[in-house]
Structures are given as C-alpha cells and as structure tokens.
Amino acid sequence: MWHKLQRIAIFCLVIASVKAEDNDADKLFRDMEVVPDIFEESPKELLKVTYENGLDVGGGREFTPTQTKDEPKVDWTAEPNAYYTLIMSTLDYPSRENPALREWLHWLVVNIPGTDVAKGDILDPYVGPLTAKSSGLVRDVFLVYKQPGKLEFDEPVITNTNITGHEKFSSANLAKKYNMELVAGNIFQARWDEYVPIIRRQFGILT
C-alpha cells in the first residue's frame with residue numbers, strides 16, 4: 001500500500017512539474033508580447049538552449065551576438081519515433097518599432113528524429129543574430145514543431161552567404177502548410193555588438 005501511494009505521489013509531482021513548465025512557456029511568450037501579437041499560441045514547454053561554455057540562453061534575457069554566434073545544443077521532450085522541425089528567427093527585423101522584414105530566418109532543420117538535430121535535414125544552417133547598430137534590442141525566438149511524420153519538404157535550401165530566403169519568413173505559415181504542432185520554444189533578446197559586422201559582411205550587407 002505504501003509503495004502504491006509513493007508511485008501516485010511521484011506521478012502527481014511529475015504532472016505538476018510539466019504543468020508548471022507549460023505555464024512558464026505561456027507566461028514568457030505573453031510577457032514578451034509574442035503571443036498573441038505574432039503567434040496565436042504558446043509552446044507547450046520551454047526549449048532548453050545551451051551555447052558554448054554551458055551558457056543557458058532564453059527566458060527573454062539579453063545575450064550578445066558574440067555569445068550566440070555558434071550553433072547551440074537544444075533539448076525538449078520528444079515522443080518515441082516522432083519527427084520534429086526546429087526554427088530560430090528574429091521577430092524584430094530590422095527593428096521592433098519597424099519589423100517590416102519579420103521574420104528573419106537564422107536556422108531551419110526539419111525531419112529531426114527525436115531530439116537528434118544532427119540527423120535532421122538542414123534547410124538553413126545556423127547563423128547568429130546580426131541586428132544592425134540602429135535596431136536596438138530585438139527578440140529572437142526558437143520554436144520546435146512536431147511533424148505528423150517524416151515529410152517531404154519543398155522549401156528551398158538556403159545559404160549563409162546570400163540573404164535570399166531569410167527575410168519575411170513565416171514560422172506559422174510553415175507549420176500550417178505541413179500540419180505541424182508547436183511543442184517547445186524559447187526567447188532571448190540581442191542587440192548589436194562588435195561581432196555583427198563580421199556576420200553581415202558574410203551576407204554582403206554593408207550597413
């Protein structure tokens with residue numbers, strides 16, 4: 001009887017923890033004015049995003065382009081045998097006051113088995129924040145969508161030497177097109193630092 005009560009108590013703690021994390025994700029996306037302003041719904045859980053030297057990024061906090069220049073490790077609760085799509089984009093491009101080119105795509109990987117991003121199909125390799133000096137603080141978002149299965153995507157593969165395909169991307173439209181469910185996400189903020197001109201020159205952006 002005691003062991004049964006212990007199992008019930010542990011189960012309740014797990015459910016409470018999941019619900020708390022769900023609430024954390026929803027609170028973050030609403031506090032950052034991403035939901036309902038840009039997306040209709042919040043992710044179910046906070047995505048864990050870890051950059052070099054164990055730097056945990058997210059929670060709406062500010063990080064520099066230098067800190068976030070290399071591809072991070074990401075982790076979420078994945079279902080067995082499920083496939084996922086991972087997106088990172090800037091929501092405020094060129095600025096929060098004038099997001100005329102929203103979203104600016106930084107990273108797109110599809111057909112990820114579980115959480116093994118390295119085994120997914122890369123449609124856009126990672127590039128870090130490249131916000132202009134005049135842009136001020138902007139919001140960058142990570143989103144993970146559960147796919148209905150392994151899919152054939154007809155989106156073009158884009159590069160990190162050509163701006164084509166990066167501007168005016170829509171995560172919501174991609175999700176709708178392929179009937180995908182938003183399951184995890186996180187947000188951080190960034191502004192210009194001395195590393196940004198290096199990235200912008202890579203794309204031929206001279207301003």
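## Exercises on a predicted model

Let us start inside the sheet: Ile87 has Leu143 as its bridge partner in S8. Keep in mind that the model is predicted. Each exercise below comes with a worked solution.

### Exercise 1: Lay out the sheet

**Task.** Work out the order of the strands in the open sheet of six, and find which strands stand at the edges.

**Solution.**

Step 1. Read off the order, which is S1-S9-S8-S5-S6-S7, with mixed pairing.

Step 2. Look at the two ends of that order. Strand S1 (45–46) and strand S7 (121–124) are the edges; each has a single partner strand, so one side of each is left without a neighbour in the sheet.

Step 3. Now check the pairings around S5. S5 and S8 (residues 138–146) run antiparallel and are joined by seven bridges. On S6, the pairing with S5 is also antiparallel, over seven bridges, and Thr90 stands opposite Trp104 there.

Step 4. Continue from S6 to the edge. S6 and S7 run antiparallel with three bridges between them, and Val110 has Asp121 as its bridge partner in S7.

Step 5. Ask how covered S6 is: nine of its 10 residues are buried.

### Exercise 2: A buried acid

**Task.** Describe the surroundings of Glu103 and decide what its side chain contacts in place of a salt bridge partner.

**Solution.**

Step 1. Place the residue. Glu103 sits in the loop between strand S5 (83–90) and strand S6 (104–113).

Step 2. Look for a charge partner. Glu103 is buried but has no salt bridge, and Arg102, the nearest side chain of opposite charge, is 7.0 Å away. A salt bridge needs the nitrogen and the carboxyl oxygen within 4 Å.

Step 3. Look for polar partners. The Glu103 side chain makes a polar contact with the side chain of Ser89, at 2.7 Å.

Step 4. Collect the other neighbours. Beyond four places in sequence, the residues that Glu103 touches include Phe39, Thr90 and Leu91, as well as His166, Glu167 and Lys168.

### Exercise 3: Follow the aromatic pairs

**Task.** The structure holds eight aromatic pairs. Take Phe63 with Phe188, then Phe153 with Tyr178, and give the geometry and setting of each.

**Solution.**

Step 1. Phe63 and Phe188 have their ring centres 6.3 Å apart and 75° between the planes, an edge-to-face arrangement.

Step 2. Phe63 is in the loop between strand S3 (55–56) and strand S4 (73–75), while Phe188 is in strand S9 (residues 181–190), so this pair ties together parts 125 residues apart in sequence. Both Phe63 and Phe188 are buried.

Step 3. Phe153 and Tyr178 form a tilted pair, 4.4 Å centre to centre with 45° between the planes.

Step 4. Phe153 belongs to the loop between S8 and helix H2 (171–177) and Tyr178 to the loop between H2 and S9, so the pair ties together parts 25 residues apart in sequence.

Step 5. Compare each value with the cut-off for buried, which is under 20%. Phe153 counts as buried at 14% relative accessibility, and Tyr178 counts as buried at 11%.

Step 6. One more group is worth finding in the viewer: ring pairs link Tyr51, Trp107 and Tyr126 into a cluster.

### Exercise 4: Sort the salt bridges

**Task.** Of the 13 salt bridges in the structure, examine those of Arg30 with Asp26, Glu33 with Arg96 and Arg139 with Asp92. Which of these residues are buried, and which are partly exposed?

**Solution.**

Step 1. Arg30 and Asp26 bring their closest N and O atoms to 3.0 Å. Both lie in helix H1 (residues 2–31), four residues apart, about one turn of the helix. Arg30 is partly exposed at 42% relative accessibility, and Asp26 is partly exposed at 28%.

Step 2. For Glu33 and Arg96, the closest N and O atoms are 3.1 Å apart. This pair links distant parts of the chain, with Glu33 in the loop between H1 and S1 and Arg96 in the loop between S5 and S6, 63 residues apart. Glu33 is partly exposed at 43%, as is Arg96 at 29%.

Step 3. For Arg139 and Asp92, the closest N and O atoms are 2.7 Å apart. Arg139 is in strand S8 and Asp92 in the loop between S5 and S6, so the pair ties together parts 47 residues apart in sequence. Arg139 is buried at 3% relative accessibility, and Asp92 is buried at 0%.

Step 4. Finish with the network: salt bridges that share partners join Asp92, Arg102 and Arg139.

Definitions and conventions
Residues are numbered from 1 along each chain as its sequence is written. This is a predicted model: local features need pLDDT of at least 70, side-chain atom pairs count only at pLDDT 80 or more; totals for chains, interfaces and linings use all residues. Side-chain values use heavy atoms; hydrogens and water are left out. Helices (H or I, at least four residues) and strands (E, at least two) are DSSP runs, numbered from the N terminus. Buried means under 20% relative accessible area, exposed over 50%, partly exposed in between (1.4 Å probe, protein chains only). Lys and Arg count as positive and Asp and Glu as negative; His and the chain ends are not counted. A polar contact is a pair of N or O atoms within 3.5 Å; within protein, one must be able to donate a hydrogen and the other to accept it, and residues adjacent in sequence count only if both atoms are side-chain atoms. Contact means heavy atoms within 4.5 Å. Two strands pair if DSSP finds at least two bridges between them. Rings of Phe, Tyr and Trp (its six-membered ring) pair if their centres lie within 6.5 Å; planes under 30 degrees apart count as stacked, over 60 as edge-to-face and the rest as tilted.
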